[in-house]
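Got the viewer open and a selection box ready? Let's take a walk through this one, stop by stop.

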Amino acid sequence: LGRYVPQLEFLGVLLSDEQVLETHTSYYQRLVAQDQDEAVELVEEYFRDHPLEEVYEAVLVPALYAAKKDQARGNLTADEMHFVVQTTREIVENLSLHPRPSPSSDTTAVDTPAPDPDASPLPKVPLVLSPVHDAADELVLLMLQQQLDPSHYDMELLHPAMLASEVVTLVEQQGVGLICLGTLAPGGLAQTRYLCLRLRTRLPELKIVVGRWGFSGSGEASGEMLREAGADIVATTLHETCSQLMQFRSVRPHPTSPAMDV
(Lines give C-alpha, C1' and ligand atoms only; values in the text may rest on other atoms or scores of the structure.)
Protein backbone atom coordinates (compact mmCIF):
# COMPACT_ATOMS: atom_id res chain seq x y z
CA LEU A 1 0.00 0.00 0.00
CA GLY A 2 2.82 2.40 0.87
CA ARG A 3 4.30 1.94 -2.59
CA TYR A 4 1.15 2.54 -4.60
CA VAL A 5 -1.05 4.87 -2.52
CA PRO A 6 0.58 8.30 -2.00
CA GLN A 7 -1.31 8.98 1.21
CA LEU A 8 0.09 5.76 2.70
CA GLU A 9 3.68 6.23 1.55
CA PHE A 10 4.83 6.68 5.14
CA LEU A 11 3.86 3.03 5.80
CA GLY A 12 6.36 1.95 3.18
CA VAL A 13 9.03 3.93 5.00
CA LEU A 14 8.11 2.69 8.45
CA LEU A 15 7.49 -0.99 7.68
CA SER A 16 9.95 -1.63 4.84
CA ASP A 17 11.90 -4.87 5.21
CA GLU A 18 14.18 -4.31 2.22
CA GLN A 19 17.74 -5.24 3.08
CA VAL A 20 19.31 -2.32 1.22
CA LEU A 21 17.87 1.16 1.69
CA GLU A 22 19.36 4.51 0.82
CA THR A 23 20.81 6.11 3.92
CA HIS A 24 18.35 9.00 3.94
CA THR A 25 15.44 6.53 3.75
CA SER A 26 16.84 4.46 6.61
CA TYR A 27 17.41 7.61 8.63
CA TYR A 28 13.86 8.83 8.06
CA GLN A 29 12.54 5.36 8.85
CA ARG A 30 14.21 5.55 12.26
CA LEU A 31 12.78 9.02 12.85
CA VAL A 32 9.24 7.88 12.00
CA ALA A 33 9.74 5.03 14.47
CA GLN A 34 10.86 7.59 17.11
CA ASP A 35 14.19 5.76 17.43
CA GLN A 36 16.58 8.65 18.00
CA ASP A 37 19.59 6.51 19.00
CA GLU A 38 19.60 4.48 15.78
CA ALA A 39 18.95 7.60 13.71
CA VAL A 40 22.00 9.30 15.20
CA GLU A 41 24.08 6.15 14.75
CA LEU A 42 23.16 5.96 11.05
CA VAL A 43 24.28 9.54 10.45
CA GLU A 44 27.51 9.12 12.41
CA GLU A 45 28.34 5.98 10.46
CA TYR A 46 27.73 7.79 7.16
CA PHE A 47 29.81 10.74 8.34
CA ARG A 48 32.83 8.50 8.91
CA ASP A 49 33.10 7.91 5.16
CA HIS A 50 31.65 11.12 3.70
CA PRO A 51 32.29 14.86 4.07
CA LEU A 52 29.94 16.97 6.14
CA GLU A 53 28.43 18.63 3.05
CA GLU A 54 27.41 15.25 1.65
CA VAL A 55 25.84 14.22 4.97
CA TYR A 56 23.60 17.24 4.70
CA GLU A 57 22.90 17.03 0.97
CA ALA A 58 22.38 13.27 0.69
CA VAL A 59 20.89 12.31 4.07
CA LEU A 60 19.45 15.09 6.21
CA VAL A 61 17.85 17.34 3.59
CA PRO A 62 16.07 14.44 1.77
CA ALA A 63 14.79 13.14 5.11
CA LEU A 64 13.41 16.57 6.05
CA TYR A 65 11.79 16.82 2.62
CA ALA A 66 10.13 13.44 3.14
CA ALA A 67 8.86 14.55 6.54
CA LYS A 68 7.38 17.79 5.17
CA LYS A 69 5.73 15.84 2.36
CA ASP A 70 4.18 13.37 4.81
CA GLN A 71 3.02 16.18 7.07
CA ALA A 72 1.37 17.96 4.13
CA ARG A 73 -0.52 14.72 3.34
CA GLY A 74 -1.67 14.38 6.93
CA ASN A 75 0.50 11.34 7.64
CA LEU A 76 2.74 13.07 10.18
CA THR A 77 1.44 14.97 13.20
CA ALA A 78 2.85 18.26 14.39
CA ASP A 79 4.50 16.49 17.34
CA GLU A 80 6.08 13.89 15.05
CA MET A 81 7.35 16.62 12.73
CA HIS A 82 8.82 18.42 15.74
CA PHE A 83 10.66 15.23 16.71
CA VAL A 84 12.11 14.91 13.20
CA VAL A 85 13.29 18.51 13.13
CA GLN A 86 14.59 18.55 16.69
CA THR A 87 16.55 15.31 16.31
CA THR A 88 18.05 16.52 13.05
CA ARG A 89 18.91 19.89 14.61
CA GLU A 90 20.80 18.19 17.43
CA ILE A 91 22.74 16.15 14.88
CA VAL A 92 23.60 19.27 12.85
CA GLU A 93 24.76 21.12 15.96
CA ASN A 94 26.93 18.18 17.01
CA LEU A 95 28.46 17.80 13.55
CA SER A 96 29.34 21.49 13.55
CA LEU A 97 31.79 20.82 16.38
CA HIS A 98 34.05 18.86 14.01
CA PRO A 99 36.93 20.86 12.53
CA ARG A 100 36.31 22.52 9.17
CA PRO A 101 38.35 21.07 6.28
CA SER A 102 41.26 23.17 5.09
CA PRO A 103 40.80 25.10 1.82
CA SER A 104 43.11 22.65 0.05
CA SER A 105 41.13 19.61 1.13
CA ASP A 106 39.35 17.54 -1.50
CA THR A 107 36.24 17.61 0.70
CA THR A 108 35.82 21.37 0.56
CA ALA A 109 32.21 22.08 -0.39
CA VAL A 110 32.75 25.13 -2.57
CA ASP A 111 35.70 25.88 -4.83
CA THR A 112 36.95 29.38 -4.09
CA PRO A 113 39.44 31.34 -6.18
CA ALA A 114 43.02 31.50 -4.91
CA PRO A 115 43.60 34.76 -3.01
CA ASP A 116 45.83 37.41 -4.57
CA PRO A 117 48.74 37.92 -2.12
CA ASP A 118 49.06 41.57 -3.23
CA ALA A 119 45.37 42.40 -2.88
CA SER A 120 43.88 43.98 0.20
CA PRO A 121 41.61 41.59 2.12
CA LEU A 122 37.94 42.10 1.43
CA PRO A 123 35.80 43.12 4.40
CA LYS A 124 33.17 40.70 5.57
CA VAL A 125 29.92 40.77 3.64
CA PRO A 126 26.82 41.24 5.83
CA LEU A 127 24.57 38.30 4.96
CA VAL A 128 21.05 37.67 6.25
CA LEU A 129 19.80 34.08 6.15
CA SER A 130 16.02 34.16 6.24
CA PRO A 131 13.84 31.03 6.53
CA VAL A 132 10.69 31.55 4.50
CA HIS A 133 8.16 29.48 6.40
CA ASP A 134 9.05 27.06 9.18
CA ALA A 135 11.62 25.38 11.43
CA ALA A 136 12.70 22.97 8.68
CA ASP A 137 13.62 25.93 6.46
CA GLU A 138 15.61 27.41 9.34
CA LEU A 139 17.40 24.11 9.93
CA VAL A 140 18.57 23.78 6.33
CA LEU A 141 19.81 27.38 6.47
CA LEU A 142 21.80 26.39 9.56
CA MET A 143 23.43 23.65 7.47
CA LEU A 144 24.19 26.25 4.81
CA GLN A 145 25.64 28.63 7.38
CA GLN A 146 28.08 25.96 8.54
CA GLN A 147 29.38 25.57 4.98
CA LEU A 148 30.05 29.28 4.44
CA ASP A 149 33.41 30.69 5.47
CA PRO A 150 32.86 32.90 8.56
CA SER A 151 35.92 34.94 7.57
CA HIS A 152 34.02 36.05 4.43
CA TYR A 153 30.57 36.71 5.84
CA ASP A 154 29.01 38.42 8.83
CA MET A 155 25.95 36.15 9.02
CA GLU A 156 22.64 36.53 10.83
CA LEU A 157 20.18 33.65 10.84
CA LEU A 158 16.63 34.89 11.37
CA HIS A 159 13.78 33.15 13.17
CA PRO A 160 11.11 31.55 10.94
CA ALA A 161 8.33 33.33 12.86
CA MET A 162 9.41 36.74 11.52
CA LEU A 163 6.88 38.39 9.24
CA ALA A 164 7.83 39.47 5.73
CA SER A 165 7.48 43.12 6.77
CA GLU A 166 9.84 42.53 9.69
CA VAL A 167 12.45 40.91 7.44
CA VAL A 168 12.28 43.82 4.98
CA THR A 169 12.59 46.38 7.79
CA LEU A 170 15.58 44.57 9.35
CA VAL A 171 17.43 44.37 6.03
CA GLU A 172 16.72 48.02 5.28
CA GLN A 173 17.68 49.37 8.69
CA GLN A 174 20.88 47.30 8.93
CA GLY A 175 21.98 48.24 5.42
CA VAL A 176 22.40 44.60 4.38
CA GLY A 177 23.35 44.13 0.73
CA LEU A 178 22.90 40.35 0.46
CA ILE A 179 20.13 38.01 1.63
CA CYS A 180 19.53 34.30 1.21
CA LEU A 181 15.93 33.11 1.46
CA GLY A 182 15.70 29.44 2.40
CA THR A 183 12.73 27.22 1.64
CA LEU A 184 12.52 23.43 1.79
CA ALA A 185 9.92 21.85 -0.49
CA PRO A 186 7.13 20.95 -0.62
CA GLY A 187 5.31 24.24 -0.19
CA GLY A 188 6.70 27.66 0.48
CA LEU A 189 6.71 28.89 -3.11
CA ALA A 190 3.99 31.51 -2.63
CA GLN A 191 5.60 32.86 0.55
CA THR A 192 9.01 33.01 -1.13
CA ARG A 193 7.62 34.86 -4.13
CA TYR A 194 5.85 37.36 -1.86
CA LEU A 195 9.00 38.02 0.15
CA CYS A 196 11.06 38.48 -3.03
CA LEU A 197 8.53 41.03 -4.28
CA ARG A 198 8.57 42.94 -0.99
CA LEU A 199 12.35 43.03 -0.82
CA ARG A 200 12.86 43.99 -4.47
CA THR A 201 10.26 46.76 -4.32
CA ARG A 202 11.75 48.28 -1.18
CA LEU A 203 15.45 47.60 -1.90
CA PRO A 204 16.20 47.58 -5.65
CA GLU A 205 19.98 47.14 -5.15
CA LEU A 206 19.70 44.21 -2.74
CA LYS A 207 21.15 40.91 -3.96
CA ILE A 208 18.62 38.12 -3.37
CA VAL A 209 19.65 34.46 -3.49
CA VAL A 210 16.91 31.87 -3.02
CA GLY A 211 17.70 28.35 -1.89
CA ARG A 212 14.75 26.14 -2.83
CA TRP A 213 15.82 22.70 -1.71
CA GLY A 214 14.65 19.12 -1.52
CA PHE A 215 12.19 18.70 -4.37
CA SER A 216 12.76 16.44 -7.37
CA GLY A 217 12.70 17.73 -10.92
CA SER A 218 14.38 20.69 -12.58
CA GLY A 219 12.35 23.35 -10.79
CA GLU A 220 12.68 25.61 -13.83
CA ALA A 221 9.09 26.86 -13.67
CA SER A 222 9.25 27.85 -10.01
CA GLY A 223 12.75 29.26 -10.52
CA GLU A 224 11.54 31.51 -13.32
CA MET A 225 8.60 32.65 -11.19
CA LEU A 226 10.94 33.63 -8.36
CA ARG A 227 13.33 35.44 -10.67
CA GLU A 228 10.43 37.41 -12.10
CA ALA A 229 9.50 38.32 -8.50
CA GLY A 230 12.96 39.76 -7.88
CA ALA A 231 15.34 36.94 -7.01
CA ASP A 232 18.79 37.29 -8.58
CA ILE A 233 19.56 33.57 -8.34
CA VAL A 234 17.55 30.47 -7.46
CA ALA A 235 19.57 27.42 -6.33
CA THR A 236 18.24 23.92 -5.71
CA THR A 237 21.08 22.34 -3.68
CA LEU A 238 23.16 23.49 -0.74
CA HIS A 239 26.34 23.23 -2.79
CA GLU A 240 24.87 25.37 -5.54
CA THR A 241 23.60 27.93 -3.02
CA CYS A 242 27.08 28.26 -1.49
CA SER A 243 28.64 28.66 -4.92
CA GLN A 244 26.14 31.34 -5.94
CA LEU A 245 26.64 33.29 -2.72
CA MET A 246 30.37 33.38 -3.49
CA GLN A 247 29.54 35.43 -6.60
CA PHE A 248 28.53 38.27 -4.29
CA ARG A 249 31.70 38.39 -2.18
CA SER A 250 32.23 42.00 -3.23
CA VAL A 251 28.71 43.18 -2.35
CA ARG A 252 28.85 46.21 -0.12
CA PRO A 253 26.18 47.24 2.41
CA HIS A 254 23.74 49.87 1.22
CA PRO A 255 23.21 53.04 3.28
CA THR A 256 21.01 52.39 6.28
CA SER A 257 17.60 53.97 6.41
CA PRO A 258 16.74 56.16 9.38
CA ALA A 259 14.34 54.63 11.85
CA MET A 260 10.79 55.68 11.16
CA ASP A 261 8.58 57.03 13.88
CA VAL A 262 5.46 54.97 14.40
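Start at R202 and look at what sits across from its side chain. The partner there is E172, which at 13% relative accessibility counts as buried, because the cut-off for buried is under 20%. R202 comes out at 36%, so this residue counts as partly exposed. The two side chains form a salt bridge, 2.9 Å from N to O. E172 belongs to helix α7 (residues 164–174) and R202 to helix α8 (residues 189–202), so a pair 30 residues apart links distant parts of the chain.

Before going further, zoom out. Keep in mind that this is a predicted model. Colour by secondary structure and you should find 10 helices and five strands. The protein has 262 residues, and 46% of them count as buried. If you like contact maps, take the contacts between residues at least 6 apart in sequence: 74% of those join residues at least 24 apart.

**Stop: along α8 to α9**

Stay with helix α8 and select R193, which lies in it. Is R193 buried or partly exposed? With a relative accessible area of 38%, R193 is partly exposed. Show its surroundings, skipping neighbours within four places in sequence, and you get contacts with M225, L226 and A229. Now pick the C-alpha atoms of R193 and E228: they are separated by 8.8 Å, while the two residues are 35 apart along the chain.

Next, click S222, in helix α9 (residues 220–229). S222 has a relative accessible area of 14%, which makes this residue buried. Which residues does S222 touch, not counting those up to four places away in sequence? They are L189, R212 and F215.

**Stop: more salt bridges**

How many salt bridges does a search of the whole structure find? The count is eight. You've already visited E172 with R202, so try D137 and K68 now. Their closest N and O atoms are 3.5 Å apart, and the pair forms a salt bridge. D137 is in helix α6 (residues 135–147) and K68 in helix α4 (residues 52–72), so this bridge ties together parts that are 69 residues apart in sequence. Check the accessibility of both ends: D137 is at 0% and counts as buried, and K68, at 8%, counts as buried too.

Then move to R30, D35 and E38, and show the side chains together. A network of salt bridges links these residues. Within it, D35 and R30 meet at 3.5 Å, N to O. Why do R30 and D35 fall into the classes they do? R30 has 17% relative accessibility and so counts as buried, whereas D35, at 21%, counts as partly exposed. The buried class ends at 20%, so the two values fall on opposite sides of that cut-off.

**Stop: α4 against α5**

Hide everything but two helices: α4, where you met K68, and α5 (residues 78–95). A quick word on what to look for: two packed helices are described by the angle between their axes and the distance between the axes. Here α4 and α5 pack at an angle of about 170°, with axes 10 Å apart. The two helices are therefore roughly antiparallel to each other.

Now turn on the side chains. From α4, select L52, V55, Y56, L60, L64, A67, K68 and Q71; from α5, select A78, M81, V84, V85, T88, I91, V92 and L95. Those are the residues that meet between the helices. By class, this contact has 13 nonpolar, two polar and one charged residues. K68 is on the α4 side of this contact, and K68 is also the salt-bridge partner of D137.

**Last stop: α2 against α5**

Keep α5 on screen and bring in helix α2 (residues 23–32). The axes of α2 and α5 come within 9 Å and cross at roughly 125°. That makes α2 and α5 oblique to each other. Rotate the view until you can see α2 pass α5: the crossing is right-handed.

For the contact itself, select Y27, Y28 and L31 in α2, which meet F83, V84, T87, T88 and I91 in α5. These residues divide into six nonpolar, two polar and no charged. Finally, highlight V84, T88 and I91 in α5: they meet residues in α2, and they also meet residues in α4.

How values were computed
Residues numbered from 1 in each chain as written. Predicted model: local features only at pLDDT ≥ 70, side-chain atom pairs only at ≥ 80, totals over all residues. Heavy atoms only, no water. Axes fitted to C-alpha atoms, helices over the stretch in contact; angles between N-to-C directions. Helix = DSSP H or I, 4+ residues; strand = E, 2+ residues; numbered from the N terminus. Parallel < 35°, antiparallel > 145°, perpendicular 65-115°, else oblique. Left-handed = near helix turned anticlockwise from the far one by under 90°. Contact = heavy atoms within 4.5 Å. Nonpolar A, V, L, I, M, F, W, Y, C, P; charged D, E, K, R; others polar. Salt bridge = Lys/Arg side-chain N within 4 Å of Asp/Glu carboxyl O. Buried < 20%, exposed > 50% of the residue type's maximum accessible area, 1.4 Å probe, protein only.
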